[in-house]
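Please read the following report alongside the sequence and the structure, which are shown here. The text takes up aromatic contacts, cysteines and a pocket in turn.

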Amino acid sequence: MKYTKQDAKAYARENMTGIWAAALNPFHEDLSPDEAGLRSNIRHWIDDLGIQGLFITGKQGEFWAMTLEERKRNMSIAVEECAGKAGTIMSISDQNMETALELGRHAQDCGADYVVVHAPMLSFCQDRGELLYQYYKRFCDELDIGIAMWSHPDSGYLMQPEECARIADLPNIVAIKYSVPRDMYVRLTHMVGDKIHVSTSAEHEWLDNILELDWKLYLCSSPPYQLQTANDQRMNEYTQLAFAGKADQARRVFDSLNPVRDAIKRTKPADKPTAFGKYWQHLLGQTGGRVRPPMLELSQAEKDIIRKGFDECGLKL
């Protein structure tokens with residue numbers, strides 16, 4: 001651990017900044033983990049793309065399709081490859097709380113920087129405020145590592161800004177990945193101030209959130225390595241321009257990525273987002289690989305459409 005529990009917030013305010021990406025997890029043809037591919041991707045993301053932190057074993061990483069030992073192994077690999085060069089935040093999300101805590105202890109032991117825990121599914125509950133507070137409090141009581149909340153529609157509800165602000169007072173809560181409508185995360189940002197990082201995965205809102213809300217952290221999804229190459233780092237460029245207060249220049253660079261955003265949106269099959277992401281990685285020269293069930297693979301016709309959009313989008317390889 002690089003900090004104490006009581007110092008977690010201050011440490012994260014200073015060090016958990018910039019662009020953090022959520023890693024897709026490559027699998028071989030026989031669906032076994034492709035560790036060499038994962039290592040290669042991480043090195044590319046850090047060394048060539050300058051990504052400042054990685055979100056490991058999350059939804060992009062198909063955590064629900066992995067065994068407990070596979071998730072732990074992914075964490076250890078990421079720490080090894082990122083050591084001294086990029087931060088790590090490990091998704092320990094699981095509906096079983098003991099499993100999540102076991103993953104959290106492994107994250108601490110293997111040298112991760114932070115963990116993230118998504119809000120649990122809460123069947124039949126209509127009043128969730130106290131339950132959610134006690135849920136995150138237990139993680140804070142039993143773990144010393146900095147913890148990020150994570151609220152998204154997949155839980156069946158959205159954590160309200162007031163609920164999140166109360167949880168943000170816990171000592172080692174350092175951030176929230178808040179996948180909610182913009183008005184909700186704007187409210188929370190104003191409520192918590194500099195206490196924790198508030199972020200969302202929507203890249204198309206990132207520039208406005210830097211300029212209007214003074215956000216310092218993009219946490220996180222796949223755009224940092226899907227919109228960029230070693231020779232075309234416009235997301236990094238507009239981010240740094242915005243951080244420097246050069247709004248007009250940042251906007252021009254941001255807008256220049258619209259053809260890439262459009263190609264991704266237009267060619268991504270609605271029922272195959274993970275397979276799409278991995279094939280787009282393949283086209284970029286990264287390791288994509290197969291998806292595990294229940295996710296579906298792309299057809300050849302779908303690959304042809306995606307390749308055409310990729311070839312026309314203007315990314316420089």
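In this predicted model, Tyr114 counts as buried, at 2% relative accessibility, and Trp20 is likewise buried, with a relative accessible area of 1%. The rings of Trp20 and Tyr114 form an aromatic pair that is tilted, with 6.0 Å from centre to centre and 55° between the planes. Because Trp20 belongs to strand S1 (residues 18-22) and Tyr114 to strand S4 (residues 114-118), this pair ties together parts that are 94 residues apart in sequence. Trp20 and Tyr114 also belong to a cluster, linked by ring pairs, that takes in Tyr3 and Tyr11, and the structure holds 15 aromatic pairs.

Rings also take part in contacts with charged side chains: the charged end of Lys177 sits over the ring of Phe55, and Arg251 lies over the face of Phe254. The distances are set out below.

| Charged residue | Ring residue | Distance to ring centre |
|---|---|---|
| Lys177 | Phe55 | 4.7 Å |
| Arg251 | Phe254 | 5.8 Å |

How many disulfides does the structure hold? The structure holds zero disulfides. For Cys125, the nearest cysteine sulfur is that of Cys164, 16 Å away, whereas for Cys164 the nearest cysteine sulfur is that of Cys140, at 13 Å. Because a disulfide requires a pair of cysteine sulfur atoms within 2.5 Å, neither of these distances allows one to be assigned to Cys125 or to Cys164. As for the surroundings of these two cysteines, Cys125 is partly exposed, with a relative accessible area of 22%, while Cys164 is buried, with a relative accessible area of 0%.

The largest pocket has a volume of about 900 Å³ and is lined by 29 residues, of which Gln60, Ser201, Ser221, Ser222 and Lys268 lie nearest its centre. By class, this lining is made up of twelve nonpolar, eleven polar and six charged residues. Among the elements that each supply at least two residues of the lining are helix H8 (203-213), strand S8 (217-221) and helix H9 (223-226), together with helix H12 (258-267) and helix H13 (273-283). H13 gives the most to the lining of the largest pocket, contributing four residues.

A last point concerns Asp109, which is found in helix H4 (residues 97-110). Asp109 is exposed, with a relative accessible area of 68%, and its C-alpha lies 20 Å in space from that of Met149, the two residues being 40 residues apart in sequence.

Conventions: Residues are numbered from 1 along each chain as its sequence is written. This is a predicted model: local features need pLDDT of at least 70, side-chain atom pairs count only at pLDDT 80 or more; totals for chains, interfaces and linings use all residues. Side-chain values use heavy atoms; hydrogens and water are left out. Buried means under 20% relative accessible area, exposed over 50%, partly exposed in between (1.4 Å probe, protein chains only). On a 1 Å grid over the protein atoms alone, a cavity is a set of points where a 1.4 Å probe fits but cannot get out, and a pocket is an open set with protein on both sides within 12 Å along at least five of seven lines; lining residues have an atom within 4 Å of a point. Grid points are joined across faces, edges and corners, and a volume is the space filled by probe spheres set on the points. Ala, Val, Leu, Ile, Met, Phe, Trp, Tyr, Cys and Pro count as nonpolar, Asp, Glu, Lys and Arg as charged, and the others, Gly among them, as polar. Rings of Phe, Tyr and Trp (its six-membered ring) pair if their centres lie within 6.5 Å; planes under 30 degrees apart count as stacked, over 60 as edge-to-face and the rest as tilted. A charge sits over a ring if NZ of Lys or CZ of Arg is within 6 Å of the ring centre and within 35 degrees of the ring normal.
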